[in-house]
Amino acid sequence: MFKASTMAAVIAALPAVTVAQANLTAETTSPGSTPHYIDTTLAAVLESAGVASLQITEGATLTNSVQAVAEGQLDMAPAPLILPFLMSRGIGPYSGVGEEKGAELAGNLRALFFTAASAQIFGHYDSGAITDITQLDGLRIWNGPPRGAALTSGRAAVQLLSGLTEGEGYEGIQSPWPDTVSSITGGGADGWTIPEGLPSGRQIAISAAGAITIYDMPSDLLNSELGQQIMNAPGHAVYSVPVDEYRAAYEGNDITIVTDDDTFDSFATAFAQIVPASMDDELAYQVTKAFLEGQERFETGSPRGPYLFLSFGDIDGTSQGVCGAVKMLMHPGAIRAYEEAGHTVADCVRP
């Protein structure tokens, strides 16, 4: 028999056994946006946990990113839920794909977790032409990037506020996400409507060029038939934050917050963190497990942390906006991570 000392020497001589980290590719939005913060924080969490190295491309158009994940060319991306919905029908930005292929591609997507962290706002420079956000006739309004979910929401916001449609009453201004701030600060728009997290680095950057005012969606309009249609549209979710908290988040910047009551109310852009359905179950489990265990880091790593509305608890499907018109199934590995953490997962998101 081996002596204990001999056995110890043999073990010490053996090469160290390490668990190799996965190398994952991801695309996200521009710095200053909520998806960007979530993805870069997730990358740090996964690296610290020894789960994966996440190589992120910034400033992406998520319309393209969602399709890349569906085609298996990309490992991960934040997906506004309207995009898988449109893809599944082969309409909107995916009209060139067609209904049959679109449904097949959408069926290749799975969610690891959900968020509804970006709410639609309307803003303008105090020195500009806008004095009433319901009177936008003849003005230039930045309402999104050239295509995608944000543009759909931006157009809906302007219609809700003013009753106008793009090209028939106002001029819609679009630019890629990385050019948003320069397009606005350069005088290219009279006002802007953008889905933003709280606080938004983009709005702070815009305000550096002059005092601005940010508005929620007025209660009477939000409660109207059109407002409720927009609120309940595929890819949207309810957003409400006490206005004092909203103002406090921008304290020290030349930004005025205007609401008609004591809450900042709007419609949020509902997101899923998507991966291909073919992702290895164990990898999806480990990524989601690290995400759940990293809750404190997500919530304290940025001033916007408390307002992320990330899905760290039960998944009921309704709150996440994925058990109605939008269908988004979770990856089995992610479901296992949630259930092991003591959370319930609705049947409607199970594959």
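Biologist: Let me start with one side chain. Is Tyr250 buried or exposed?

Modeller: Tyr250 is buried, because its relative accessible area is 2% and anything under 20% counts as buried. Keep in mind that this is a predicted model. Tyr246 can be read in the same way: at a relative accessible area of 1%, Tyr246 is buried.

Biologist: How many aromatic pairs turn up in the whole structure?

Modeller: A search of the whole structure gives 9 aromatic pairs. Tyr246 and Tyr250 make up one of them, a tilted pair with 6.0 Å from centre to centre and 50 degrees between the planes.

Biologist: Okay, what describes a pair of aromatic rings in general?

Modeller: Two values do: how far apart the centres are, and the angle of the planes. Now try Tyr246 with Phe264: the centres are 3.8 Å apart and the planes differ by 5 degrees, a stacked pair. This pair links distant parts of the chain, with Tyr246 in helix 11 (residues 243–249) and Phe264 in strand 12 (residues 263–276), 18 residues apart. Both Tyr246 and Phe264 are buried.

Biologist: Which residues do ring pairs link into a cluster?

Modeller: Look for Phe113, Phe291, Phe298 and Phe312; ring pairs join these into a cluster.

Biologist: And where does the charged end of Arg336 sit?

Modeller: Over the ring of Tyr285, 3.7 Å from the ring's centre.

Biologist: Let's move on to helices. What describes two packed helices?

Modeller: You give the angle between their axes and the distance between the axes. Take helix 2 (residues 34–48) and helix 12 (residues 281–293): their axes come within 9 Å and cross at roughly 105 degrees. Helix 2 and helix 12 are therefore roughly perpendicular to each other, since angles of 65 to 115 degrees get that description.

Biologist: Which residues make the contact?

Modeller: Helix 2 brings Leu42, Val45 and Leu46, while helix 12 brings Val287, Ala290 and Phe291. Sorted by type, the contact of helix 2 with helix 12 has 6 nonpolar residues, no polar ones and no charged ones. You met Phe291 a moment ago, in the ring cluster.

Biologist: Which residues of helix 14 are buried?

Modeller: Helix 14 spans residues 332–340, and Gly333, Ala334, Ile335, Ala337 and Tyr338 are buried there. Their cover includes strand 4 (109–125) and helix 12. After helix 14 comes Gly342, with a positive phi near 90 degrees.

Biologist: Can we finish with small residues? What does Ala150 touch, apart from neighbours within four places in sequence?

Modeller: Ala150 is in contact with Asn143, Pro145, Trp177 and Pro195. You'll find Ala150 in helix 6 (residues 149–162), and a relative accessible area of 13% makes Ala150 buried. Gln120 is 30 residues away from Ala150 along the chain, yet their C-alpha atoms are separated by 9.1 Å.

Biologist: And where does Ala68 lie?

Modeller: In helix 3 (residues 62–70). Ala68 is buried too, with a relative accessible area of 13%. Setting aside neighbours within four places in sequence, Ala68 is in contact with Gln73 and Leu74. Between the C-alpha atoms of Ala68 and Ala26 there are 9.9 Å, with their places 42 residues apart along the chain.

Note on methods: Residues numbered from 1 in each chain as written. Predicted model: local features only at pLDDT ≥ 70, side-chain atom pairs only at ≥ 80, totals over all residues. Heavy atoms only, no water. Axes fitted to C-alpha atoms, helices over the stretch in contact; angles between N-to-C directions. Helix = DSSP H or I, 4+ residues; strand = E, 2+ residues; numbered from the N terminus. Parallel < 35°, antiparallel > 145°, perpendicular 65-115°, else oblique. Contact = heavy atoms within 4.5 Å. Nonpolar A, V, L, I, M, F, W, Y, C, P; charged D, E, K, R; others polar. Phe/Tyr/Trp six-rings, centres within 6.5 Å; stacked < 30°, edge-to-face > 60°. Buried < 20%, exposed > 50% of the residue type's maximum accessible area, 1.4 Å probe, protein only. Lys NZ or Arg CZ within 6 Å of the ring centre and 35° of its normal.
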